[in-house]
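This report follows the packing of one chain from a helix to its cores, a strand and two buried side chains. Please keep the sequence and the structure open while reading.

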Amino acid sequence: MSSTGLSRGRRCTIASRLNASAEAAVAATSSSRGEKQKAAVARRVEYYDEEDARGEARYDVFINHRGVDTKRTVARLFYDRLVAAGVRAFLDNQSMRPGDRLDERISEAISQCAVAVAIFSPHYCDSEYCLRELALLVESRKKIIPVFYNIKPSDLVLPQAVVESVAHHPRDIERFKFALREVKNTVGLTYDPATGDLAELVTSAATAVLENIDKHEVTQGRHMIMSRL
């Protein structure tokens, strides 16, 4: 089994807990802000201690997003849903600790993950970090689930300021363009804040993640069997 794969028992547990975590999220809105913050901290401490004790790869899922657009909305809601269900998810401001080196930790998380969720939003392509993460995910051949949040796939175009910036090597510009082309040609989830249901989006994304982690585990298991023949 791959270090990022989920055992059958864990998959069943996660699947059953996704709905439970959705109900718990609704119930939590009646709690005070202080109580919710304490519960979140306690959950994260228990989460990291459990992973370190087992010595497993830390992340199943990498969440690639533009913080200014989505960190306080869909990205955080999606992260909380996955963690509450027992999925190891990486979200930069929740998963990194003081003293961590940004590039190193992000590269490790991408290397470990079985699946990535890329949340595209109006200011996504303005961020060098978003583009570099996406390029690394594509180059690492990770399974990517695109979420088009208040944006259409056709809108994913590098801004002219990025293309002409002397800070970017021409090779990097080509990497960014290639990565964007790849996700444009990948079936994803779309969301319009004016008409969409955010809870439904989060649930659909979480379900897609579990399905793809399951496929990843089956594929890895077959590779291991073939290597032993």
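## Helix α9 and its buried face

In this predicted model, the buried residues of α9 pack against β3, α7, β4 and α8, the last of these covering residues 160-164. Those buried residues are Asp 172, Ile 173, Phe 176, Ala 179, Leu 180 and Val 183. Because they fall within an arc of 130° when the helix is seen down its axis, they line one face of α9. Pro 170 and Arg 171, on the other side of α9, are exposed.

The length of α9 can be checked against its residue count: at 1.5 Å a residue, its 15 residues should span 21 Å, and the end C-alpha atoms are 21 Å apart, which agrees.

## Two nonpolar cores

In soluble globular proteins, nonpolar side chains tend to be buried together. Here the largest nonpolar core holds 30 residues, and the members that touch the most other members are Phe 62, Phe 120, Leu 134, Ile 144 and Leu 156. Two or more residues of this core come from each of α6 (102-112), β3 (115-120), α7 (128-139), β4 (143-149) and α9 (170-184), and α7 gives the largest share, with 6 residues.

The surroundings of Leu 134 illustrate this packing: apart from residues up to four places away in sequence, Leu 134 touches Asn 64, Ala 118, Phe 120, Tyr 124 and Ile 144, as well as Ala 179, Leu 180 and Val 183. The last three of these contacts are also among the buried residues of α9. A second core, separate from the one just described, has 27 residues, including Tyr 79, Ala 114, Ile 145 and Leu 210.

## Strand β1 and its partners

Strand β1, residues 61-65, is mostly covered, with 5 of its 5 residues buried. In a regular strand the side chains alternate between the two faces of the sheet. In β1, Val 61, Ile 63 and His 65 point one way, whereas Phe 62 and Asn 64 point the other way, and all are buried.

Which strands pair with β1? One partner is β2 (residues 89-90), which pairs with β1 in the parallel sense over 2 bridges, and within β2 it is Phe 90 that is the bridge partner of Phe 62. Another is β3, which runs parallel to β1 and is joined to β1 by 5 bridges; there the bridge partner of Ile 63 is Val 117.

## Two buried side chains in helices

Is Arg 105, a residue of helix α6, buried or exposed? Its relative accessibility is 9%, so Arg 105 counts as buried, the cut-off for that class being under 20%. A polar atom of the Arg 105 side chain lies 3.3 Å from the backbone oxygen of Ser 95. Not counting residues up to four places away in sequence, Arg 105 touches Arg 58, Tyr 59, Phe 90, Ser 95, Met 96 and Asp 100; among them, Phe 90 is the residue in β2 that bridges to Phe 62.

Phe 78 lies in helix α4, residues 74-84, and is buried, with a relative accessible area of 2%. Beyond its neighbours within four places in sequence, Phe 78 is in contact with Ile 63 and Val 117, and also with Val 202, Ala 205, Ala 206 and Val 209. Ile 63 and Val 117 are themselves bridge partners. Between Phe 78 and Thr 203 the C-alpha to C-alpha distance is 8.0 Å, although these residues are 125 residues apart in sequence.

Methods. Residues are numbered from 1 along each chain as its sequence is written. This is a predicted model: local features need pLDDT of at least 70, side-chain atom pairs count only at pLDDT 80 or more; totals for chains, interfaces and linings use all residues. Side-chain values use heavy atoms; hydrogens and water are left out. A nonpolar core is a set of buried Ala, Val, Leu, Ile, Met, Phe, Trp, Tyr and Cys residues joined through side-chain atoms within 4.5 Å. Buried means under 20% relative accessible area, exposed over 50%, partly exposed in between (1.4 Å probe, protein chains only). Helices (H or I, at least four residues) and strands (E, at least two) are DSSP runs, numbered from the N terminus. Contact means heavy atoms within 4.5 Å. The expected span of a helix is 1.5 Å times one less than its number of residues. The arc is that of the directions from the helix axis to the C-beta atoms. A polar contact is a pair of N or O atoms within 3.5 Å; within protein, one must be able to donate a hydrogen and the other to accept it, and residues adjacent in sequence count only if both atoms are side-chain atoms. Two strands pair if DSSP finds at least two bridges between them.
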